[in-house]
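Could you walk me through this structure, stop by stop? I have it open in my viewer and would like to know what to select next and what is there.

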Amino acid sequence: KVKAMDRNYVRGWWKENSESLCRLGEVFLSFGSGVLTIICFGSPFWIEEDERHYGLWQSCTTTPKSKCSPLSDAGAAVLGVRAMLVLALVCGLIGWAISMISLVLHRPSFLCAAGSAFGLQSFFLFIGLLVFTKKIHSSPGSQGWSYSIGWIGFFVAAVSAIIFTLVALYRYRNPDMTQRTQQIYAPLSQWNEPGSSDSDEDL
């Protein structure tokens, strides 16, 4: 009996809080993909050699003192990677903004738009990292942690795109779920509903 009660409690708790946990997971993924992209974009550890390391913007020496200077010999590959990562950052920012709006409006179309934005972010990241991979193979150095973070950001963005798209399709097929979400997050969307304020009721 005790085990049955515990199972019922867990099922009830999950049924009541699963929607909130899923929304928190969506926000965490969308925010994490953007942070990882920014870190790999700005850090100078894409390629590491014996006495220096460099990234997309800076070249740093480790001996005798650590010193960084702007990357003066950026080739076509580096310029192409810069362009791809800028596009990835823009798409990630748009996806994050749309995902925040979806917390208030609860419409499947916003979730689908966010999934498309994160899909474009992962696409641009993949192209940029693939181009830089060829540059690493042709250089005497080895890949640095900035390059690895870029690949992690790509996978997080891809997972975000898949999850947002699947949730949007599920909401399209189950309109009742959208109504239930509106009830859960009613305090966030009261400003968007006419006649919900106390002042309107008084009038």
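## A charge over a ring

Start by selecting Arg 82 and Trp 57: Arg 82 lies over the face of Trp 57, at 4.1 Å from the ring centre. Before you go on, keep in mind that this is a predicted model.

## Zoom out to the whole chain

Now show the protein chain as a cartoon. You can trace seven helices and five strands. Following the chain from the N terminus, the order of the elements is α-β-β-β-β-α-α-β-α-α-α-α. Of the 203 residues in the protein chain, 38% are buried. Turn on the surface next: the protein chain exposes about 12,200 Å², and carbon and sulfur atoms supply 66% of that area. Contacts tell you about the fold too. Among those in the protein chain with a separation of 6 or more, 66% are between residues 24 or more positions apart.

## A nonpolar patch on the surface

Keep the surface on and select Phe 31, Val 35, Ile 39, Leu 93, Trp 96 and Trp 145. Together these residues make a nonpolar surface patch of about 560 Å². Two elements give two or more residues each to this patch, namely helix H1 (2-42) and helix H2 (76-105). The most comes from H1, with three residues.

Click on Val 35, which lies in helix H1. Is Val 35 buried, exposed or partly exposed? Its relative accessibility is 32%, so Val 35 counts as partly exposed.

## Into the aromatic rings

Hide the surface and show the aromatic side chains as sticks. There are twelve aromatic pairs in the whole structure. Pick Trp 46 and Tyr 147 to begin with. Their ring centres are 6.2 Å apart and their planes meet at 65°, so this pair is edge-to-face. The two partners come from distant parts of the chain, 101 residues apart: Trp 46 is in the loop between H1 and strand S1 (47-48), while Tyr 147 is in helix H4 (residues 145-173). Both Trp 46 and Tyr 147 are buried.

Stay on Tyr 147 and add Phe 132. These two form a tilted aromatic pair, with 6.3 Å from centre to centre and 35° between the planes. This pair also links distant parts of the chain, since Phe 132 sits in helix H3 (residues 108-137) and Tyr 147 in helix H4, 15 residues apart. How buried is each partner? Phe 132 has a relative accessible area of 0% and is buried; Tyr 147, at 5% relative accessibility, counts as buried as well.

To see the wider group, select Trp 46, Phe 126, Phe 132, Tyr 147, Trp 151, Phe 154 and Phe 155, which form one aromatic cluster.

## Two stops along helix H4

From that cluster, choose Phe 154, which is in helix H4. At 14% relative accessibility, Phe 154 counts as buried. What does Phe 154 touch, not counting residues up to four places away in sequence? You will find Ser 122, Leu 125, Phe 126 and Leu 129 there. Try the distance tool as well: the C-alpha atoms of Phe 154 and Phe 124 are separated by 8.8 Å, and these residues are 30 apart along the chain.

Finish at Ser 160, also a residue of helix H4. With a relative accessibility of 0%, Ser 160 counts as buried. Leaving aside neighbours within four places in sequence, Ser 160 is in contact with Leu 29, Ser 30 and Phe 118.

Key
Residues are numbered from 1 along each chain as its sequence is written. This is a predicted model: local features need pLDDT of at least 70, side-chain atom pairs count only at pLDDT 80 or more; totals for chains, interfaces and linings use all residues. Side-chain values use heavy atoms; hydrogens and water are left out. Patches are made of residues with over 30% relative accessible area and no salt bridge: like charges are joined within 9 Å, nonpolar side chains (Val, Leu, Ile, Met, Phe, Trp, Tyr) within 5 Å. Accessible areas come from the Shrake-Rupley method with a 1.4 Å probe; for residues, only the protein chains shown count as cover. A salt bridge is a side-chain nitrogen of Lys or Arg within 4 Å of a carboxyl oxygen of Asp or Glu. Helices (H or I, at least four residues) and strands (E, at least two) are DSSP runs, numbered from the N terminus. Buried means under 20% relative accessible area, exposed over 50%, partly exposed in between (1.4 Å probe, protein chains only). Rings of Phe, Tyr and Trp (its six-membered ring) pair if their centres lie within 6.5 Å; planes under 30 degrees apart count as stacked, over 60 as edge-to-face and the rest as tilted. A charge sits over a ring if NZ of Lys or CZ of Arg is within 6 Å of the ring centre and within 35 degrees of the ring normal. Contact means heavy atoms within 4.5 Å.
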